[in-house]
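Reader: I am new to this structure and should be grateful for a close look at one part of it. Please describe that part in detail, and explain each term as it arises.

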Amino acid sequence: MRRLLARRMKFHLLGAFLISVGCATLYKFGIAEPRKRAYAEFYKSYDPMKDFQAMKAAGVLECAPPK
């Protein structure tokens, strides 16, 4: 029973480290990178003035009433 805690601690610390690195990698390539690509694709063709005019015409904006 001597040094049981130390041996188990090494095993669990290594396992926790590997699991956390794996989760971080999965998040980066499974969620973050596709999200970045989606935003980049959206803003390639985004026209803020067209969007503003559409919101203005719909009466969404109080500072710019529709004509």
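Author: Let us begin with the aromatic side chains: Phe42, Tyr43 and Tyr46 are joined into a cluster by ring pairs. The model is a predicted one, in which local features require pLDDT of at least 70 and side-chain atom pairs count only at pLDDT 80 or more, whereas totals for chains, interfaces and linings use all residues. Residues are numbered from 1 along each chain as its sequence is written, and side-chain values rest on heavy atoms, with hydrogens and water left out.

A pair of aromatic rings is described by how far apart the centres are and by the angle of the planes. Here, rings of Phe, Tyr and Trp (its six-membered ring) pair if their centres lie within 6.5 Å; planes under 30 degrees apart are called stacked, those over 60 edge-to-face, and the rest tilted. Searching the whole structure gives 3 aromatic pairs. One of them joins Phe42 and Tyr43, which form an edge-to-face pair because their planes stand at 80°, with the ring centres 5.0 Å apart. Phe42 is partly exposed, since its relative accessibility is 45%; buried means under 20% relative accessible area, exposed over 50%, and partly exposed in between (1.4 Å probe, protein chains only).

Phe42 and Tyr43 can be placed on helix α1, which covers residues 4-44. Helices (H or I, at least four residues) and strands (E, at least two) are DSSP runs numbered from the N terminus. Helix α1 has 41 residues and spans 59 Å from its first C-alpha to its last, close to the 60 Å expected at 1.5 Å a residue; the expected span is 1.5 Å times one less than the number of residues.

At Lys28, α1 bends by about 35°, the bend being the angle between axes fitted to the seven residues ending there and the seven starting there. Lys28 also lies over the face of Phe29, at 5.6 Å from the ring centre; for this, NZ of Lys or CZ of Arg must be within 6 Å of the ring centre and within 35 degrees of the ring normal. With 36% relative accessibility, Lys28 counts as partly exposed.

Charged pairs come next. A salt bridge is a side-chain nitrogen of Lys or Arg within 4 Å of a carboxyl oxygen of Asp or Glu, and the whole structure holds 3 of them. Lys28 bridges to Glu33, with the closest N and O atoms 2.9 Å apart. Lys36 also pairs with Glu33, with a closest N to O distance of 3.6 Å. Lys36 and Glu33 are separated by about one helical turn, because they are 3 residues apart in helix α1. Lys28, Glu33 and Lys36 are thus linked in a network of salt bridges.

A further salt bridge joins Lys44 and Glu41, whose closest N and O atoms are 3.6 Å apart. These two residues are likewise 3 residues apart in helix α1, so about one helical turn separates them. Both Lys44 and Glu41 are exposed.

Cys23 also belongs to helix α1 and is partly exposed, at 48% relative accessibility. Cys63, by contrast, is exposed, with a relative accessible area of 71%. The structure holds 0 disulfides, a disulfide being a pair of cysteine sulfur atoms within 2.5 Å.
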